[in-house]
Amino acid sequence: MANRPRWAAIWLVLLAAGCTSSDPSAPLCQLGVTPSETTLISYRDEAGSVIRGDIDAAAYREEVAGSIASAIAKPNREVYVAERRKDCFDQAGGYYYPCYERIEIDLREVTGIGRSANLNDAQELAVANCEWVARTLARNAAEVRGLVFALQCRVVSRGRCSLD
């Protein structure tokens with residue numbers, strides 16, 4: 001119980017700083033992020049719709065507020081390893097047999113970014129975006145289908161970003 005006021009004070013300092021992050025180099029408040037093969041960004045507008053791409057800071061500031069909750073998510077694993085079945089040929093016997101090819105998918109560059117009026121929505125969007133990119137890479141490289149727990153993501157940075 002004696003530590004509770006100290007932890008509350010630390011939490012307030014982090015909140016006042018506008019960011020709590022386990023990855024200080026992450027560009028949490030960098031606006032105008034361009035989506036790519038490894039980065040997906042979306043935001044929830046004032047009507048509750050999810051829109052792909054980054055916000056227009058000036059328009060959002062006029063319509064909603066002077067700040068926006070933002071979150072960045074990264075995969076839990078840096079590399080996903082999968083096996084894909086294929087047919088191999090035995091030269092000596094002259095026949096095909098089933099074999100497996102090991103595929104490693106680099107997930108280090110995968111990033112999901114979410115923005116919203118509230119932090120919970122921003123975090124959910126960031127994780128969903130990250131997992132979408134990770135699953136897409138796995139599907140394209142190794143024909144992985146469905147939900148794979150090894151492709152799950154976690155929030156690495158979150159906070160409120162000023163639009164001024």
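Start with β5 and β6. These two strands run antiparallel, and twelve bridges join them. One pair to pick out: V81 has E104 in β6 as its bridge partner. At the turn, the hairpin has four residues between the strands. G94 in that hairpin takes a positive phi near 70°. A word of caution before I go on: this is a predicted model.

Now the overall layout. The protein has three helices and eight strands. From the N terminus, the order is α-β-β-β-α-β-β-β-β-α-β. There are 164 residues, and 38% of them count as buried. The exposed surface comes to about 10,000 Å², with carbon and sulfur atoms supplying 51%. Sequence-distant contacts matter for the picture here. Take contacts between residues at least 6 apart in sequence: 69% of them join residues at least 24 apart.

Next, β4. Which strands does β4 pair with? One is β8, residues 153-162, antiparallel over nine bridges. Within that pairing, I68 stands opposite C161. Another is β7, residues 111-116, again antiparallel, with five bridges. There, S70 has R115 as its bridge partner. Is β4 enclosed or open? Eight of its nine residues are buried, so β4 is largely enclosed by the rest of the structure.

On to helix α3. The helix covers residues 119-142, 24 residues in total. From first C-alpha to last, α3 reaches 34 Å, close to the 34 Å expected at 1.5 Å a residue. Look at both ends. At the start, a side-chain oxygen of N118 comes to within 3.2 Å of the backbone nitrogen of N120. Just after the helix, E143 takes a positive phi of about 55°.

Now the cores. The largest nonpolar core has 24 residues. The residues with the most contacts inside this core are Y80, I105, L107, V110, V144 and L151. Which elements supply at least two residues each? Among them are β4, β5, β6 and α3. The largest share, nine residues, comes from α3. Apart from this core lies another, of twelve residues. That second core includes L28, Y43, I68 and I72.

Let me zoom in on I105. Setting aside neighbours within four places in sequence, I105 contacts E78, V79 and Y80. On the same terms, I105 also contacts L137, A138, A141 and A142.

That brings us to A142, in helix α3. Buried or exposed? A142 is buried, at 7% relative accessibility. Leaving out residues up to four places away in sequence, A142 touches A82, R84, I103 and I105. Consider A142 and I103 as a pair. They are 39 residues apart in sequence, yet 6.6 Å apart in space, C-alpha to C-alpha.

Over to β2, which spans residues 39-44. Two residues here, T39 and L40.

T39 lies in this strand. T39 is buried, with a relative accessible area of 14%. What does T39 touch, beyond residues up to four places away in sequence? The list is V33, E109, T111, I113 and V133.

L40 is also in β2. L40 counts as buried, at 14% relative accessibility. With residues up to four places away left out, L40 touches R52, T111, G112, I113, N129, W132 and V133. L40 and V110 are 70 residues apart in sequence, and their C-alpha atoms are 8.4 Å apart. One general point on strands. In a regular strand, side chains alternate between the two faces of the sheet.

Last stop, S36. Where is S36? In the loop between β1 and β2. S36 is partly exposed, with a relative accessible area of 42%. That value falls between the 20% limit for buried and the 50% limit for exposed. S36 and T111 are 75 residues apart along the chain, with 9.6 Å between their C-alpha atoms.

To recap. β5 and β6 run antiparallel, joined by twelve bridges. β4 is largely enclosed, with eight of nine residues buried. And α3 gives the largest share of the largest nonpolar core, nine residues.

Note on methods. Residues are numbered from 1 along each chain as its sequence is written. This is a predicted model: local features need pLDDT of at least 70, side-chain atom pairs count only at pLDDT 80 or more; totals for chains, interfaces and linings use all residues. Side-chain values use heavy atoms; hydrogens and water are left out. The expected span of a helix is 1.5 Å times one less than its number of residues. A polar contact is a pair of N or O atoms within 3.5 Å; within protein, one must be able to donate a hydrogen and the other to accept it, and residues adjacent in sequence count only if both atoms are side-chain atoms. Buried means under 20% relative accessible area, exposed over 50%, partly exposed in between (1.4 Å probe, protein chains only). Contact means heavy atoms within 4.5 Å. Accessible areas come from the Shrake-Rupley method with a 1.4 Å probe; for residues, only the protein chains shown count as cover. A nonpolar core is a set of buried Ala, Val, Leu, Ile, Met, Phe, Trp, Tyr and Cys residues joined through side-chain atoms within 4.5 Å. Two strands pair if DSSP finds at least two bridges between them.
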